[in-house]
Structures are given as C-alpha cells and as structure tokens.
Amino acid sequence: MIQFHIEAPDKGLEAALQDKIDNLTKPKGSLGTLEALALQVGLIQQTLSPVLRHPVNVIYASDHGIADEGVSKSPKEVTRQVIHNFLNGGAGVCYLARQHGFELKIVDGGVDFDFPVIPQLIDRKVRKGGTRNFLHEAAMTVEEMEKALQYGADIVTDCYNEGCNVISFGEMGIGNTAASSMWMTCLTQIPLIDCVGAGSGLDSEGVRHKYNVLKRSLENYKGDGSALDVMRYFGGYEMVMAVGGMLHA
C-alpha cells in the first residue's frame with residue numbers, strides 16, 4: 001500500500017513570521033483569521049515570504065452501490081449529469097473556481113456511465129459501475145481501496161508537477177452522505193442516528209428509511225473497526241481518492 005510520510009513543520013521560524021505579520025502596515029491582529037493563515041502558510045513553506053501558486057480544486061467522482069436502496073432523493077444517474085455540468089462550467093463550484101482563479105480538475109473514479117473520451121475529464125475508474133452495496137457486502141476490495149488511495153495521490157503529484165502549491169478537494173457521488181454517515185459513526189462513535197441527515201433533500205420519511213438501511217448495514221458489518229477497514233467497507237471510491245489526495249498533499 002502507498003505510504004504517506006507527514007511531518008509537522010519546523011516551528012523555528014514562528015517568532016520571526018509572527019513579528020513580520022505584527023509589523024505590517026495595519027493595526028496588530030486586525031486581519032483576524034487571515035493572520036493565522038499567513039502564519040500557517042509561512043510555516044508550511046518555511047519562509048518569511050510565502051507564495052501561493054496555481055491553485056487547483058480537484059473533484060473526485062464515483063457512484064455508490066448503497067444508492068440502490070433509496071437512501072438518496074436523487075437516482076445514481078444524477079452523478080454523471082452533474083459531471084457534465086462541471087465540464088460545461090455550470091455548477092456553483094465552477095463559478096467559485098473562476099472567481100478565485102482556481103483550475104478545476106474532474107476525476108472519474110467509478111461513475112456508473114461510459115463517458116466518451118473528454119480531455120477535461122480525467123479517467124481513473126477503479127471499477128465500472130461504482131462501489132458494491134454495503135448493506136450486503138463490502139463496498140470495495142482491499143485492492144480497490146489501495147488503487148483509489150494511489151489514484152487520489154497521483155492526481156496531487158500531477159498538480160504539483162504543473163506548478164501548484166495550494167490545493168483543495170471536493171467529491172461527487174449520489175449516496176455519498178450515506179457512506180459519510182457510516183464513516184462518521186464508526187470513526188467517532190457518535191450514534192448513527194445523529195450522523196444521518198437529509199442529504200440531497202429527503203423528507204422526514206426518507207431520512208427514517210435511510211437511517212433504517214444504514215442501521216441494518218452497521219449490524220451486518222463484521223469487520224475489525226479499524227480506520228482502513230471502515231474506509232474500505234463503507235466508503236466510495238471518490239471519498240477514498242480524496243483521502244489519498246489529502247494525505248499526499
């Protein structure tokens with residue numbers, strides 16, 4: 001499996017960075033959170049004059065087998081429809097990317113649709129058709145999880161090689177809030193009922209059905225409860241790709 005080597009930044013520059021921030025032409029502390037961010041970025045880059053270059057927002061996309069259980073107001077077909085909207089520049093994230101000068105990268109990690117060759121769509125399908133239905137079985141195999149982590153990290157390498165040094169992430173996949181609810185309850189021990197919401201717009205009866213499906217899924221789970229096993233059993237390919245991307249970044 002891919003290994004990530006993450007170290008905390010050297011704090012040796014912290015006092016000098018804070019002094020520079022405090023002595024800019026402004027009242028001390030007047031920029032609030034921006035000053036904390038400036039300190040953070042300076043420590044990450046280990047310089048008194050940090051620079052943010054070629055910002056990129058990566059959107060990983062895939063479908064979820066659990067969507068077959070009616071846990072989302074939208075059918076799985078909406079995933080590929082939203083991908084087309086991304087590619088046509090019509091989604092809210094497209095507007096925000098244009099407004100702030102971000103390049104937008106769209107990655108197909110397992111959308112249940114055969115896209116034609118589209119230069120703006122990065123093909124990294126882990127499995128055609130998306131994940132399996134975790135009500136009955138693990139969403140993905142260990143090998144698929146490892147591939148998704150690697151693919152997610154590889155996209156970050158590509159961005160870095162293109163001059164990017166600041167990156168953000170998003171993901172798209174009908175059924176993803178069901179998978180997120182399972183990760184949340186398993187990894188935080190927050191009761192499942194407090195982790196389940198309306199997603200794309202379920203009414204109270206829809207939320208109740210979603211909770212019951214996820215409750216049965218949790219009862220059927222026989223894994224070891226480790227982070228990797230929970231990620232594999234209940235996750236989406238796009239979610240695991242985002243994990244790989246974040247850890248590598």
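Is Lys 215 buried, partly exposed or exposed? In this predicted model, Lys 215 counts as partly exposed, since its relative accessibility is 35%, and the legends below return to this residue after an overview of the chain.

**Figure 1. Overview of the chain, a predicted model with nine helices and four strands.** Read from the N terminus, the elements follow the order α-α-β-α-α-β-β-α-β-α-α-α-α. The C-alpha trace extends over about 60 × 45 × 40 Å along its principal axes, and of the 249 residues in the chain, 41% count as buried. The close-up views that follow turn to salt bridges, pockets, a surface patch and a strand residue.

**Figure 2. Close-up of the salt bridge between Lys 215 and Glu 219 in helix H7.** The two residues both belong to helix H7, which covers residues 204–220, and they are four residues apart, about one turn of the helix. Their closest N and O atoms are 2.8 Å apart. Lys 215 is partly exposed at 35% relative accessibility, and Glu 219 is also classed as partly exposed, with a relative accessible area of 46%. Side chains of opposite charge can pair when their charged atoms come close.

**Figure 3. Close-up of the salt bridge between Lys 76 and Asp 68.** Here the closest N and O atoms are 3.7 Å apart. Lys 76 counts as buried because its relative accessibility is 16%, which is under the 20% cut-off, whereas Asp 68 is exposed, with a relative accessible area of 55%. This pair belongs to a wider arrangement, in which salt bridges that share partners join Asp 68, Lys 76 and Asp 112 into one network.

**Figure 4. Close-up of the salt bridge between Lys 26 and Glu 35.** The closest N and O atoms of Lys 26 and Glu 35 are 2.9 Å apart. Lys 26 is buried, with a relative accessible area of 17%, and Glu 35 is likewise buried, its relative accessible area being 9%. The bridge between Lys 26 and Glu 35 can be set against the total for the whole structure, in which a search finds 11 salt bridges.

**Figure 5. Close-up of the largest pocket, with a volume of about 750 Å³.** A total of 23 residues line this pocket, and those that lie nearest its centre are Ile 44, Asn 165, Ile 167, His 248 and Ala 249. Three helices each supply at least two residues of the lining, namely H2 (33–45), H5 (142–161) and H9 (237–248). Helix H2 gives the most, with four residues. Sorted by class, the lining is made up of 15 nonpolar, six polar and two charged residues. Rolling a probe the size of a water molecule over the atoms shows where empty space is left.

**Figure 6. Close-up of the second largest pocket, which holds about 190 Å³ of space.** This pocket is lined by 15 residues, and Phe 86, Leu 104, Lys 105, Ile 106 and Gln 120 are the ones that lie nearest its centre. Helix H3 (77–87), helix H4 (92–100) and strand S2 (103–110) each supply at least two residues of the lining. The largest share comes from strand S2, which supplies four residues. By class, the lining of the second largest pocket contains nine nonpolar, three polar and three charged residues.

**Figure 7. Close-up of a nonpolar patch on the surface, formed by Leu 31, Leu 34 and Leu 37.** Together these three residues have about 280 Å² of accessible area. Leu 34 lies in helix H2, the helix that gives the most to the lining of the largest pocket. Leu 34 counts as exposed because its relative accessible area is 55%, which is over the 50% cut-off.

**Figure 8. Close-up of Asn 57 in strand S1, which covers residues 56–62.** Asn 57 is buried, with a relative accessible area of 9%. Although Asn 57 and Glu 103 are 46 residues apart in sequence, they are 6.3 Å apart in space, taken from C-alpha to C-alpha.

How values were computed. Residues numbered from 1 in each chain as written. Predicted model: local features only at pLDDT ≥ 70, side-chain atom pairs only at ≥ 80, totals over all residues. Heavy atoms only, no water. 1 Å grid on protein atoms, 1.4 Å probe; cavity = no way out; pocket = protein on both sides within 12 Å on 5 of 7 lines; lining within 4 Å. Points joined across faces, edges and corners; volume = space filled by probe spheres on them. Nonpolar A, V, L, I, M, F, W, Y, C, P; charged D, E, K, R; others polar. Patch = residues over 30% accessible without salt bridge, like charges linked within 9 Å, V, L, I, M, F, W, Y side chains within 5 Å. Areas by Shrake-Rupley, 256 points an atom, 1.4 Å probe, with all protein chains shown as cover. Salt bridge = Lys/Arg side-chain N within 4 Å of Asp/Glu carboxyl O. Buried < 20%, exposed > 50% of the residue type's maximum accessible area, 1.4 Å probe, protein only.
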